[in-house]
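Trainee: I am new to this structure. Please take me through one part of it closely, the annotated binding-site residues, and then the charged pairs.

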There are 2 protein chains.
Amino acid sequence: MADTMKGLKRTHYCGEVTEAGKEVVVGGFVDRIRDKGGVIFIVLRDRTGVVQLLFNDETDRAIFEKASSCKSEYVLMAKGEVRERESKNDKLKTGNVEIFVTDLRTLAKAQTPPFEITNETKVNDELRLKYRYLDLRRAPLQENIIRRHEIARVTREYFYENGFLEIETPMMMKSTPEGARDYLIPSRVHQGKFYALPQSPQIYKQLLMVSGFDRYIQLARCFRDEDLRADRQPEFTQIDLEMSFVDAEDIQGCVEGYISRLFSEVLGVDIPIPLPRLTFADAMNRYGSDKPDTRFGFEIQDITDTVKDIDFVVFKNAIAEGGSVRAINVKNGAATYTRKEIDKLVDHAKGIGAKGLAYIRWADEPNCSFRKFLADGELEKICSAVDAHEGDLVLICADRTKTVLATLGAIRLICAKKLDVIPEDKYNFLWITEMPFFEHDDDNNTWVAAHHPFTMPMEESLEYLDTDPENVRAKAWDLVLNGTELSSGSMRITDFELQQKMFEALGMTDEEIQAKFGFLVDAYRYGAPPHGGMGIGLDRIAMIMCKADSLRDVTAFPKVQNASELMSECPSYVDDESLDVLGISVVKKEDE
Amino acid sequence: MADTMKGLKRTHYCGEVTEAGKEVVVGGFVDRIRDKGGVIFIVLRDRTGVVQLLFNDETDRAIFEKASSCKSEYVLMAKGEVRERESKNDKLKTGNVEIFVTDLRTLAKAQTPPFEITNETKVNDELRLKYRYLDLRRAPLQENIIRRHEIARVTREYFYENGFLEIETPMMMKSTPEGARDYLIPSRVHQGKFYALPQSPQIYKQLLMVSGFDRYIQLARCFRDEDLRADRQPEFTQIDLEMSFVDAEDIQGCVEGYISRLFSEVLGVDIPIPLPRLTFADAMNRYGSDKPDTRFGFEIQDITDTVKDIDFVVFKNAIAEGGSVRAINVKNGAATYTRKEIDKLVDHAKGIGAKGLAYIRWADEPNCSFRKFLADGELEKICSAVDAHEGDLVLICADRTKTVLATLGAIRLICAKKLDVIPEDKYNFLWITEMPFFEHDDDNNTWVAAHHPFTMPMEESLEYLDTDPENVRAKAWDLVLNGTELSSGSMRITDFELQQKMFEALGMTDEEIQAKFGFLVDAYRYGAPPHGGMGIGLDRIAMIMCKADSLRDVTAFPKVQNASELMSECPSYVDDESLDVLGISVVKKEDE
């Protein structure tokens with residue numbers, strides 16, 4: 001049996017032992033052992049860092065023996081006197097001292113781990129996830145989890161100070177047929193019926209406003225049964241908020257205060273507020289994206305007017321068909337983008353749906369892919385229009401405007417990464433406003449709501465509701481950081497008549513409305529203050545603030561792409577009795 | 001269409017308008033309207049309270065007209081000048097002032113609610129739950145939800161300040177066959193397999209200690225698919241914590257600091273610490289319960305010795321069979337407990353399994369149910385032993401000791417309630433320590449673990465493991481408040497060999513161990529610090545601190561006893577496609 005800690009009480013975390021002369025008691029895992037014959041050094045690790053334990057010829061023999069039998073990852077508690085070290089290590093907080101041990105307890109032995117617990121690791125993900133509890137011993141992961149805790153702490157502090165109440169909403173709720181696929185939970189008491197895990201607390205938070213709670217926040221677990229992409233988890237955490245008696249600017253202002261406080265307190269980074277704003281239309285025109293990364297230039301420029309007289313069929317056709325000709329100037333891109341590299345870009349553009357890319361590559365002199373169609377001075381005119389100079393690469397796309405923007409938006413990002421012009425320490429937040437209200441469903445040739453159907457349209461665009469859906473804009477907005485959508489928000493419809501009109505514009509019948517949104521619609525008949533809110537992805541924020549590559553690195557026990565957890569091997573089969581009692585049966589098994 | 005709030009910004013919550021002379025903007029729901037011909041008073045309500053709006057002959061006519069058309073629960077925003085009231089209302093924070101309105105907006109109209117929004121309500125629960133969003137407008141419920149928020153806030157603050165990290169653990173986890181019934185979630189990707197909702201994050205928090213996170217806390221949603229009793233919800237929130245390099249007393253000390261801080265900060269109530277402690281054995285002997293309410297006396301007293309020579313067959317037999325004779329002295333109970341009332345107690349005792357109750361009812365003179373068996377002086381001896389005096393009622397039970405204690409423990413509570421001797425404003429916390437390790441499973445005549453099988457036994461009782469399971473005590477404890485179990489905690493086994501021994505003592509084979517606890521057992525092979533923790537019922541604490549009668553009154557959107565939510569009518573049927581995609585089918589429907 002292992003030693004007990006009887007009679008010892010930890011006085012310091014390992015990382016806190018910095019001052020010589022004190023007597024301390026520390027506990028932790030054996031990080032490394034160096035046995036130099038008469039002297040043994042054990043580096044002990046806990047969540048705050050490491051400290052060196054010293055055993056030498058002054059050490060009690062029994063303790064020395066025990067030290068010499070320790071191995072990596074053994075759990076120790078040690079009492080001793082903090083002494084100044086002979087050879088100091090400036091890189092460590094505790095590098096000036098070591099502990100001369102006078103009492104040592106082996107609290108637990110450890111098998112040799114399947115991989116070394118080191119800051120850097122080349123072990124494959126699968127093994128690390130199977131032994132997640134060991135991977136979580138590595139300092140970089142511990143730091144991420146601790147930073148995530150800090151993020152959540154500051155989040156709550158800020159919103160609480162601003163009058164928000166954290167109110168817990170149900171995890172077992174009604175399945176709503178909208179949006180992504182629900183995770184379902186069979187009911188035992190009501191056989192044949194199901195609960196659903198929330199995709200978000202949207203309905204409940206709106207009801208809380210109907211109830212008059214005025215300002216609500218929740219760090220809420222949300223669930224979506226979707227096929228996972230690299231940066232998705234089946235369960236994730238949302239900073240979910242809702243405010244009453246406010247307009248869009250009030251909500252944005254409140255969230256700006258939050259962002260500024262969060263980055264200052266957790267990272268010591270100053271985010272100037274108010275944050276910049278772009279309308280959806282401007283974002284598309286300038287960056288070809290509704291979540292533009294504004295940390296670098298290469299903005300899209302409309303050169304339709306400049307090239308409209310050029311006798312180049314590609315340009316002419318695009319313009320004739322109502323499209324446009326647009327360009328990005330990849331500053332200093334000429335050297336990197338050889339003909340071969342440009343060809344790759346063209347292939348990429350074709351993958352997006354463009355017919356191709358024209359270009360001007362200005363190495364020593366401007367080399368233009370459509371030179372032969374140009375009259376004298378026309379090349380200079382184009383270069384001047386996009387401010388191109390020696391060393392630059394101008395990429396031009398002519399097509400339907402939608403295609404042009406999507407293409408150049410994607411190409412812009414690729415070039416920036418290739419040229420390595422995206423500053424890593426910059427945090428470019430951006431509001432995208434005046435989002436479109438409807439999206440065109442090409443398959444069914446109909447207009448569908450771009451947001452949930454309780455989203456308020458902008459007053460000015462109400463007149464287009466019946467006649468010109470494309471031009472109806474929503475009181476909805478996104479918060480974008482470095483090209484990632486962190487959050488969306490909107491004002492909600494609180495007026496019956498308008499709500500009815502919106503449903504009709506979406507082609508819904510009264511029966512459908514009642515079936516899908518019955519109790520929520522009813523609630524609004526009893527009076528609701530103007531309200532709106534946002535849902536901010538906590539995991540995403542944590543990932544960015546930890547400079548992590550994946551959500552896995554900021555989630556204690558993540559699932560992999562097929563939604564399973566490798567450590568516990570979940571999901572798993574359950575016994576028949578468990579299913580019988582629920583009144584359900586399995587029709588098809590994975591392995592069959 | 002309703003008015004907009006354009007140009008107005010709320011400056012004060014209703015309850016904050018206390019000072020005459022200012023111009024303010026408020027928003028809220030119409031609580032009451034008094035129309036006195038030329039003068040209209042509207043009482044406007046928000047989550048902070050109410051304020052009176054004044055409309056009189058000075059008021060702009062259009063505004064006056066609008067005010068006169070308002071009805072209960074309309075949502076208004078009003079700008080105006082705060083004036084001193086003519087007839088003051090001392091009961092209200094805002095009772096000295098009223099707002100002379102210069103701008104009024106009707107932001108939403110309201111249908112007449114199905115019940116009045118008043119502090120007291122006699123409406124039946126079902127209707128209130130169907131219109132939960134309206135019931136939540138009532139001040140007493142709002143205050144509960146706000147207090148619950150405060151409780152959670154102080155909880156996090158305290159534990160964060162003490163070095164705990166809040167780490168989110170998965171909601172979709174492996175189904176473990178132990179404990180209560182799991183809620184299951186069919187997997188779409190892995191057909192035939194299921195996730196389970198956590199009954200608690202027990203396994204994950206232990207793994208976090210294995211990973212070295214040292215101090216963990218989470219306000220964690222937990223789920224149990226049990227048949228609900230009055231004070232249960234299928235989902236509930238647990239203040240879940242775990243600490244490393246500590247013993248039981250360290251954990252209890254930390255939680256005591258929390259309790260003291262919580263009650264002081266939220267209720268202004270001083271809870272002296274350290275909290276009193278009772279061993280499980282003492283609690284059973286003195287109160288006949290492992291969660292004794294110590295706010296009143298009536299303690300159980302062992303009078304076996306005193307009565308052992310009395311020639312009363314009931315006592316004699318009990319003693320002869322190894323049982324005991326015990327009594328409670330219901331102080332001043334004689335007047336209330338007439339013969340008829342005592343008969344009811346006896347019936348109750350029989351319901352618990354006792355053969356009956358003997359008694360001494362000392363109204364004018366001691367009236368003893370077994371008088372005829374007593375020799376001279378014996379009645380006085382018994383009265384003296386239990387300190388009975390005129391006015392008291394002594395209730396005596398003779399049987400197997402287990403039955404005696406259970407009976408008197410229950411009768412004690414009944415009498416205290418009947419006599420109304422339980423002080424409502426007292427908060428009697430109590431640690432129950434040295435819990436038994438095994439429970440006897442009478443059905444299968446075997447010993448089973450009383451706690452989860454990772455609970456550490458007390459070192460001193462290890463020797464009884466094989467020979468005398470009844471005498472093995474656990475390093476497990478409960479926190480009791482006013483007779484309610486708030487929390488249990490334990491130290492966990494971190495030593496392989498001991499763990500193996502414990503499993504064997506529970507009659508488990510290696511295969512069973514692997515199937516049930518495989519990955520967790522594996523984790524402990526790689527070294528774990530001594531650790532333990534607790535799970536504290538947040539909903540229960542909130543209920544007690546709100547003096548609420550039910551968990552429903554401290555839960556925003558509760559479920560009823562059959563686990564359904566009346567507002568959204570969940571659970572509900574889902575379409576076949578949703579089930580097909582999961583590879584499951586419904587065998588039996590509730591309605592069939």
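Mentor: Here is a walk through the annotated residues, followed by the salt bridges. Keep in mind that this is a predicted model.

Start with the record. An unreviewed UniProt entry gives the annotation "binding site" to A:Glu178, A:Arg224, A:His451 and A:Arg492. Take two of these, A:Arg224 and A:Arg492.

A:Arg224 sits in a loop of chain A, between strand S9 (215–223) and strand S10 (235–244). Its relative accessible area is 28%, so A:Arg224 is partly exposed. Look beyond four places in sequence, and A:Arg224 touches A:Ala180, A:Arg181, A:Tyr183, A:Gln199, A:Pro234 and A:Phe236.

Now A:Arg492. This residue is also in a loop of chain A, between strand S21 (484–491) and helix H13 (496–505). A:Arg492 counts as buried because its relative accessibility is 3%, and buried means under 20%. Its contacts more than four places away in sequence include A:Gln202, A:Lys205, A:Leu241, A:Glu242, A:His452, A:Phe454 and A:His531. Closer in sequence, the side chains of A:Arg492 and A:Ser490 share a polar contact of 2.7 Å.

Next, the charged pairs. Side chains of opposite charge can pair when their charged atoms come close. The whole structure holds 94 salt bridges over all chains.

One of them joins A:Arg153 and A:Glu265, with the closest N and O atoms 3.8 Å apart. A:Arg153 is in helix H4 (residues 139–161) and A:Glu265 in helix H6 (residues 248–267), so the pair ties together parts of chain A 112 residues apart in sequence. A:Arg153 is buried at 18%. A:Glu265 is partly exposed at 37%.

A:Lys331 and A:Asp392 make another salt bridge, with closest N and O atoms 2.9 Å apart. Both lie in loops of chain A: A:Lys331 between strand S13 and helix H10, A:Asp392 between helix H11 and strand S16. The pair therefore links parts 61 residues apart in sequence. A:Lys331 is partly exposed at 32% relative accessibility, whereas A:Asp392 is buried at 2%.

Chain B offers an example too. B:Arg473 bridges to B:Glu434, with the closest N and O atoms 2.6 Å apart. B:Arg473 is in the loop between strands S19 and S20, and B:Glu434 in the loop between strands S17 and S18, so the pair ties parts 39 residues apart in sequence. B:Arg473 is partly exposed at 27%, and B:Glu434 is partly exposed at 28%.

Finish with a network. Salt bridges link A:Asp125, A:Arg128, A:Arg132, A:Asp135, A:Arg138 and A:Arg552.

Terms used. Residues numbered from 1 in each chain as written. Chains lettered and ligands numbered in written order. Predicted model: local features only at pLDDT ≥ 70, side-chain atom pairs only at ≥ 80, totals over all residues. Heavy atoms only, no water. UniProt positions renumbered as here; feature names shortened; annotations may be inferred. Helix = DSSP H or I, 4+ residues; strand = E, 2+ residues; numbered from the N terminus. Buried < 20%, exposed > 50% of the residue type's maximum accessible area, 1.4 Å probe, protein only. Contact = heavy atoms within 4.5 Å. Polar contact = N/O pair within 3.5 Å; in protein donor to acceptor, adjacent residues only side chain to side chain. Salt bridge = Lys/Arg side-chain N within 4 Å of Asp/Glu carboxyl O.
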